[in-house]
Amino acid sequence: MALLWNGLAAAAPHIIPGAGPPEIGLRALAAEFTRQRPGTVIDIPPSVGIAGGLRALQSGEASVARLARRLTEDELRSGGLQQVVYGADAVVFVTGRDVPVTNLTEAQALALFSGATDDWEALGGPPAPVLVFYREASEIAHQALRRHIPAFAQVKFTASAKLANSDTEMREGLARYRTALGWMTLSTSDVRDDRIRALSFNGIAASADTVASGRYPMKVEHVLAWRESQLDEDLRRFLAFVTSAEGAQVLRKLQIAVPRAQPK
């Protein structure tokens with residue numbers, strides 16, 4: 001009975017709730033961490049947003065939260081929290097598989113999302129309607145687009161545009177409507193999924209290298225936050241693994257850039 005109880009206790013998952021952009025990378029990190037340490041389970045559930053992750057951390061429901069932005073000094077101080085920025089992920093324009101276009105300029109992106117250009121034929125493809133998917137203005141990747149393309153903040157999306165309420169909805173919408181257009185982070189787009197295509201922007205392809213060098217400007221950061229008193233030894237080891245050379249290899253395979261210096 002004691003052996004059975006120990007086995008069950010070892011398998012109890014450590015849940016890390018929070019934002020959508022870090023989800024794919026953290027799942028890959030968790031899988032490799034568990035492979036190396038059988039019996040230690042790190043669970044990365046579907047997104048509840050940055051706010052949801054912070055609520056779970058502050059209430060004690062979770063010991064670590066995943067975020068797509070750095071905590072402010074006030075948030076760190078008032079919550080008694082610590083953080084690590086362990087990756088940066090490109091924000092890319094993405095299409096369904098039947099779109100032959102491989103690059104968008106800033107002017108083309110603005111015209112497509114506003115409806116001024118409503119057919120891919122205008123960009124050199126065969127005649128096919130552009131179906132726009134977008135995220136709410138508070139969504140972190142949307143904010144990154146608005147920071148780096150100031151005119152994007154003024155775009156009134158075409159009347160036929162569809163709101164995606166999550167990364168999953170965006171991804172599945174683009175996969176279903178094969179001439180659709182939207183955006184997401186590069187790791188979320190999953191370069192292995194041939195149902196959707198990530199586009200270059202202004203002639204620069206998004207990758208871990210172009211994000212790290214600054215050549216590709218649109219990105220969101222991957223951040224973990226915690227309260228030291230809530231960590232157990234397994235979570236301390238996982239945090240160390242995330243920022244290790246082994247962790248960096250896992251992230252780079254997903255085209256997530258890894259900072260040379262780890263800001264605390």
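**Exercise 1. Establish which elements the buried residues of helix α7 pack against, and place R171 in that setting.**

Solution. The buried residues of α7 pack against β4 (82-96), β6 (131-134), β8 (180-185), α8 (186-189) and β9 (196-198), where helices (H or I, at least four residues) and strands (E, at least two) are DSSP runs numbered from the N terminus. The model is a predicted one, in which local features need pLDDT of at least 70 and side-chain atom pairs count only at pLDDT 80 or more, whereas totals for chains, interfaces and linings use all residues. Residues are numbered from 1 along each chain as its sequence is written, and side-chain values use heavy atoms, with hydrogens and water left out.

Next, identify the residues concerned: D167, M170, R171, G173, L174 and A175 are the buried residues of α7, buried meaning under 20% relative accessible area, exposed over 50% and partly exposed in between (1.4 Å probe, protein chains only). R171 belongs to this helix, which spans residues 167-176, and counts as buried because its relative accessibility is 14%. Finally, list its partners: leaving aside neighbours within four places in sequence, R171 is in contact with M184, T188, S189, D190, D193, R195 and I196, a contact being heavy atoms within 4.5 Å.

**Exercise 2. Describe the salt bridges E23–R27, D234–R237 and R135–E139.**

Solution. Start from the criterion, a side-chain nitrogen of Lys or Arg within 4 Å of a carboxyl oxygen of Asp or Glu, by which the count comes to 14 salt bridges.

For E23 and R27, the N to O distance is 2.9 Å; the two residues are four apart in helix α2 (residues 23-36), and are therefore separated by about one helical turn. E23 is buried at 13% relative accessibility, whereas R27, at 36%, is partly exposed.

For D234 and R237, the closest N and O atoms are 3.9 Å apart, and both residues lie in helix α10 (residues 233-242), three residues apart, about one turn of the helix. D234 is partly exposed at 22% relative accessibility, and R237 is partly exposed at 42%.

For R135 and E139, the closest N and O atoms are 3.8 Å apart, and both residues are buried. This pair should also be placed in its wider setting, since salt bridges link R135, E136, E139 and D167 in a network.

**Exercise 3. Characterise the ring pairs that F113 forms with F157 and with W183.**

Solution. Rings of Phe, Tyr and Trp (its six-membered ring) pair if their centres lie within 6.5 Å, and planes under 30 degrees apart count as stacked, over 60 as edge-to-face and the rest as tilted; the count comes to 13 aromatic pairs. F113 and F157 are edge-to-face, at 6.1 Å centre to centre and 70° between the planes. Because F113 lies in helix α5 (residues 106-114) and F157 in the loop between α6 (140-148) and β7 (162-163), the pair ties together parts that are 44 residues apart in sequence. F113 is buried at 0% relative accessibility, and F157 is buried at 18%.

The rings of F113 and W183 have centres 5.5 Å apart and planes at 55°, so this pair is tilted. With F113 in helix α5 and W183 in strand β8, the pair ties together parts that are 70 residues apart in sequence. As a last step, ring pairs link F93, F113, Y134, F152, F157, W183 and F201 into a cluster.
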